[in-house]
Amino acid sequence: MMKSKKIFIMVLSIAIISVISNGSVFAAPAEKYKVVDKSGGKKAKDPSWFSAWLKTHSRTKVEKSDKDFEGKEAFVIEQEGEDLDFLKMWANNINSSSEVIRYLSQEVENFVAGSELASQSGKQQEVERAAKSLTTSLSKARLVGLRKEGDWWIKRQYTSGPNKGQFTYSYYVLYLIDKKKIDDLLDIEMKKAKGEATTETQEVVDQVFDEYLSSRINSLLSIYSTLFFLLLNIFFSLS
């Protein structure tokens, strides 16, 4: 009986890890629509980066979708509309650097707003001001090395809800840049923001910014580690 329980836990563990690896646990619920056309024709094969993005909206998953993306940071910029020609014109005129900087700025602000470290320090507002200083500085920075890697569009027809029967186009553009360039940019701009912090808030600002940088590297690793040790404890509790 005990042996059967162990086997069950092992099989369950593999299944859970497999689901998480594919992004299914954290993917947003699928919208109710069907794809009626796409780049290259309705039966064209979606590029791996697009499939990863559509399924998970995870930049990490996009970066891992192609071995040629190793050492790169991926950004997918998307837009929807009813006029495909207009979307193509939009795609050709994107200020990609500004869009990526805007994304990074929002990422920083969201992280700081949800930081337990900042909240528990009693200096949440001061840390948020430092983050605002950082994002303002980022908005003026020049991003070098960003390149367009590809684009893809799909035509959807809604099958339920208030827009049932209506059509819309979704256009996606993939940009890549060396991870080191993003890391170097954040390092430079964070030093500026830290320098503007008061003596009383300097330490906690340093800690929260360092926590953010670590989160960029360890977000998926922390999920796997937590799951692994949880399952390990369950396994040994049955021994």
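Two strands count as paired if DSSP finds at least two bridges between them. The exercises below apply this to a predicted model.

**Exercise 1.** Determine in which order the four strands form the open sheet, and which strands lie at its edges.

*Solution.* Step 1: the four strands are arranged in the order β1-β3-β4-β2, with antiparallel pairing. Step 2: an edge strand pairs on one side only, and this holds for β1 (33-38) and β2 (72-81). Step 3: on average, neighbouring strands of this sheet are turned by 30° against each other, direction ignored.

**Exercise 2.** State how many bridges join β2 to β4, and identify the partner of E80.

*Solution.* Step 1: β2 and β4 (residues 167-178) run antiparallel and are joined by 10 bridges. Step 2: E80 has S170 in β4 as its bridge partner.

**Exercise 3.** Find which strands are touched by helix α2 and which by helix α8.

*Solution.* Step 1: helix α2 (residues 48-56) packs on the sheet and touches β1, β2, β3 (147-158) and β4. The direction of α2 makes about 55° with that of β3. Step 2: helix α8 (residues 179-196) also packs on the sheet, touching β2 and β4. The direction of α8 makes about 80° with that of β4.

**Exercise 4.** Locate S115 and decide whether this residue is buried or exposed.

*Solution.* Step 1: S115 lies in the loop between α5 (96-113) and α6 (116-121). Step 2: the relative accessible area of S115 is 4%. Step 3: buried means under 20%, so S115 is buried. Step 4: not counting residues up to four places away in sequence, S115 touches Q124, V208 and E211.

Definitions and conventions. Residues numbered from 1 in each chain as written. Predicted model: local features only at pLDDT ≥ 70, side-chain atom pairs only at ≥ 80, totals over all residues. Heavy atoms only, no water. Helix = DSSP H or I, 4+ residues; strand = E, 2+ residues; numbered from the N terminus. Buried < 20%, exposed > 50% of the residue type's maximum accessible area, 1.4 Å probe, protein only. Contact = heavy atoms within 4.5 Å. Axes fitted to C-alpha atoms, helices over the stretch in contact; angles between N-to-C directions.
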